[in-house]
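Let's take a walk through a protein chain together. Have a look at the sequence and the 3D picture, and turn the model around a bit before reading on.

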Amino acid sequence: MVITAAVLSSIALPVGYLVQDIVQTPISPEEFARIAIAMRGTFAGPEGTNYLSAVFGGSFVRASSPSLAGHEPPRLIDTWATARVPGWRTVSPLPVELVFVLPEQTVANRVILRPHPSDPGPSWVRGFEVAFSTVGPDGPWSVACTAELDPARVTAPPSPSSGPQVDDRYVVPLIDVPEAAVRWVRLVVRSNGGSPDYTSLGEFEVLYASPSRS
C-alpha cells in the first residue's frame, strides 16, 4: 500500500506542474485533459459523465455573435475552468446563442455552468436557457432548463495546503434536467451580473449522472 501511494504521488506531482504551466506550453488544454482523464481511468467524474467535453468528442458549431479573441466558444468545452486556461467572453449585446454537437446521440440529465476564476462576478453569465435536439443544429429544440446562475451559491475553490493547484474550478449548484435524448445542444445566454464590458463563462457541461450520483 505504501509503495502504491508513493508511485501514484510520483506520477501526480509532475502532472500537477504540467497543468500549472498549461498556457505556457505548446500542448493544448484538451491534450492536458486527456492526460488527466487517462490517469483517472474513466470519463465519469463525481458529477457524472460530461458528454459535451471536447475530450469525449463534443465540438462547437456556431454562435450568434463573435467572441473576444482568445476567448472563443471552444474554451467552454475544453474541460478546464481554471485561471491558467482562458474562458469564453463576448462583448456583444445579449442574448447570445451558442450551439454545440455531441459525437453521437446519447441521454443527458444534468447541466453545469462554471464561472471562470479570473473573471469578475458582474461579468458572469446570469440568466440562461439550455435546449436539446436530436434532429440538427437548427432544431427543433426541446428546452431542458431555463435558469439563473446564482453567484451567492457559487463556492470558491479551496486553497491547496501545498504543491500546485491542479483544479481550481468553482463549485456550483448542479442543474438536474428531465432525462432526454440529445445530439445538439443550444445555450442561450440572456443576461450577466451587470457588467457593461463583457459576459464570461468558464465551462459548460452536459452530463449523464446515474441515480447513484444524483
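We'll start with the overall layout, then visit the core and a few residues.

First, keep in mind that this is a predicted model. What is the chain built from? It has two helices and 10 strands. If you follow the sequence from its start, the two helices come up before the strands do, giving the pattern α-α-β-β-β-β-β-β-β-β-β-β.

Now for some totals. The chain has 214 residues, and 45% of them count as buried. Its accessible surface adds up to about 10,200 Å², and carbon and sulfur atoms make up 57% of that. How about contacts between parts of the sequence that are far apart? Take the contacts with a separation of 6 or more: 76% of them link residues that sit 24 or more positions apart.

Let's go inside. The largest nonpolar core contains 35 residues, and Phe128, Val130, Phe132, Leu187 and Phe204 have the most contacts within it. Which elements give two or more residues to this core? They are β5 (96-114), β6 (127-133), β7 (142-148), β8 (175-189) and β10 (203-208). The top contributor is β5, with eight residues.

Pick out valine 130 and see who its partners are. Setting aside residues up to four places away in sequence, Val130 touches Val111, Ser142, Val143, Ala144, Cys145, Val185, Arg186, Leu187 and Phe204. Two of the names in that list, Leu187 and Phe204, also appear among the core residues with the most contacts.

Next stop: glutamate 203, which you'll find in strand β10. Is this residue buried or exposed? Glutamate 203 counts as buried, because its relative accessibility is 0% and the cut-off for buried is under 20%. So what does its side chain reach? One target is the backbone nitrogen of threonine 79, at 2.7 Å; another is the backbone nitrogen of aspartate 78, at 3.4 Å. Beyond its neighbours within four places in sequence, glutamate 203 is in contact with a whole list of residues, including Arg75, Leu76, Trp80, Ile112 and Arg114.

For a contrast, head over to proline 93, in the loop between β4 (88-90) and β5. Proline 93 has a relative accessible area of 68%, so it is exposed, as the cut-off for that is over 50%. Finally, compare sequence and space: proline 93 and arginine 190 are 97 residues apart along the chain, while their C-alpha atoms are 9.4 Å apart.

Key
Residues numbered from 1 in each chain as written. Predicted model: local features only at pLDDT ≥ 70, side-chain atom pairs only at ≥ 80, totals over all residues. Heavy atoms only, no water. Helix = DSSP H or I, 4+ residues; strand = E, 2+ residues; numbered from the N terminus. Buried < 20%, exposed > 50% of the residue type's maximum accessible area, 1.4 Å probe, protein only. Contact = heavy atoms within 4.5 Å. Areas by Shrake-Rupley, 256 points an atom, 1.4 Å probe, with all protein chains shown as cover. Core = buried A, V, L, I, M, F, W, Y, C linked by side-chain atoms within 4.5 Å. Polar contact = N/O pair within 3.5 Å; in protein donor to acceptor, adjacent residues only side chain to side chain.
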